[in-house]
Amino acid sequence: MPKSLRSPQQQQLQSLLIELRKAKGLTQTEVATRLRRPQSFVAKYEGGERRLDVVEFIEVAQALDVDACLVLGKLIHRPSPATE
């Protein structure tokens, strides 16, 4: 399986993290502050310019105050764009 910043699963993860951030009423800057990272870090993973590794994903979930396992479950059980 080739790695891709534009794969359907990666795009779904990006969308899901954006949805969760907005549902919490947080800006990219607020999430970045919680992560002790620059705002550009959040903008890059949300915009598909970079991938999150597992540890970073867990940190982002914690910054969003959501359970990382539940986020993964949502991602796994979301219909892919090809089947919608």
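## The turn after H1

Immediately following helix H1, Gly 25 adopts a positive phi of about 70°. The model discussed here is predicted.

Two further positive phi values occur at residues other than glycine. Arg 36 has a positive phi of about 55° although it is not a glycine, and this residue lies in the loop between H2 and H3. With a relative accessible area of 78%, over the 50% limit, Arg 36 is therefore classed as exposed. Asp 65, likewise not a glycine, has a positive phi of about 60° and is placed in the loop between H4 and H5. Its relative accessibility of 58% is also over 50%, so Asp 65 counts as exposed.

## Overall architecture

The secondary structure consists of 5 helices and 0 strands, which gives the pattern α-α-α-α-α along the sequence. Of the 84 residues in the protein, 36% are buried.

Contacts between distant parts of the chain can be described by sequence separation. Among contacts between residues at least 6 apart in sequence, 61% join residues at least 24 apart. A single pair illustrates such a separation in terms of C-alpha positions: Ser 15 and Leu 75 are 60 residues apart along the chain, and their C-alpha atoms are separated by 9.8 Å.

## Helix H1

Helix H1 covers residues 8-23. At 1.5 Å a residue, its 16 residues should span 22 Å, and because the end C-alpha atoms are 22 Å apart, the model agrees with that expectation.

The buried residues of H1 are Gln 10, Gln 12, Leu 13, Gln 14, Leu 16, Leu 17, Leu 20 and Arg 21. In an α-helix there are 3.6 residues a turn, so residues three or four places apart point the same way. The buried residues of H1 pack against four partners, namely helix H2 (28-35), helix H3 (39-47), helix H4 (54-63) and helix H5 (68-77). Ser 15 also belongs to H1; its relative accessibility of 33% lies between the 20% and 50% limits, so Ser 15 counts as partly exposed.

## The nonpolar core

The largest nonpolar core has 21 residues, and those with the most contacts inside it are Leu 17, Val 31, Tyr 45, Val 60 and Leu 64. Helices H1, H2, H3, H4 and H5 are the elements that give two or more residues to this core.

What does Leu 64 touch, leaving aside residues up to four places away in sequence? With that exclusion, the contacts of Leu 64 are with Leu 17, Leu 20, Arg 21, Lys 24, Leu 26 and Val 31. Among these, Leu 17 and Val 31 are also listed with the most contacts inside the core, while Leu 17, Leu 20 and Arg 21 are among the buried residues of H1.

## The cavity

A search of the whole structure finds 1 cavity of 30 Å³ or more. The volume of the largest cavity is about 30 Å³. Its lining is formed by Gln 10, Leu 13, Gln 14, Leu 17, Tyr 45 and Leu 52.

Which element gives the most to this lining? Helix H1 does so, with 4 residues. By class, the lining has 4 nonpolar, 2 polar and no charged residues. Leu 17 and Tyr 45, which line the largest cavity, also appear among the residues with the most contacts inside the largest nonpolar core.

Key: Residues are numbered from 1 along each chain as its sequence is written. This is a predicted model: local features need pLDDT of at least 70, side-chain atom pairs count only at pLDDT 80 or more; totals for chains, interfaces and linings use all residues. Side-chain values use heavy atoms; hydrogens and water are left out. On a 1 Å grid over the protein atoms alone, a cavity is a set of points where a 1.4 Å probe fits but cannot get out, and a pocket is an open set with protein on both sides within 12 Å along at least five of seven lines; lining residues have an atom within 4 Å of a point. Grid points are joined across faces, edges and corners, and a volume is the space filled by probe spheres set on the points. Ala, Val, Leu, Ile, Met, Phe, Trp, Tyr, Cys and Pro count as nonpolar, Asp, Glu, Lys and Arg as charged, and the others, Gly among them, as polar. Buried means under 20% relative accessible area, exposed over 50%, partly exposed in between (1.4 Å probe, protein chains only). The expected span of a helix is 1.5 Å times one less than its number of residues. Contact means heavy atoms within 4.5 Å. A nonpolar core is a set of buried Ala, Val, Leu, Ile, Met, Phe, Trp, Tyr and Cys residues joined through side-chain atoms within 4.5 Å.
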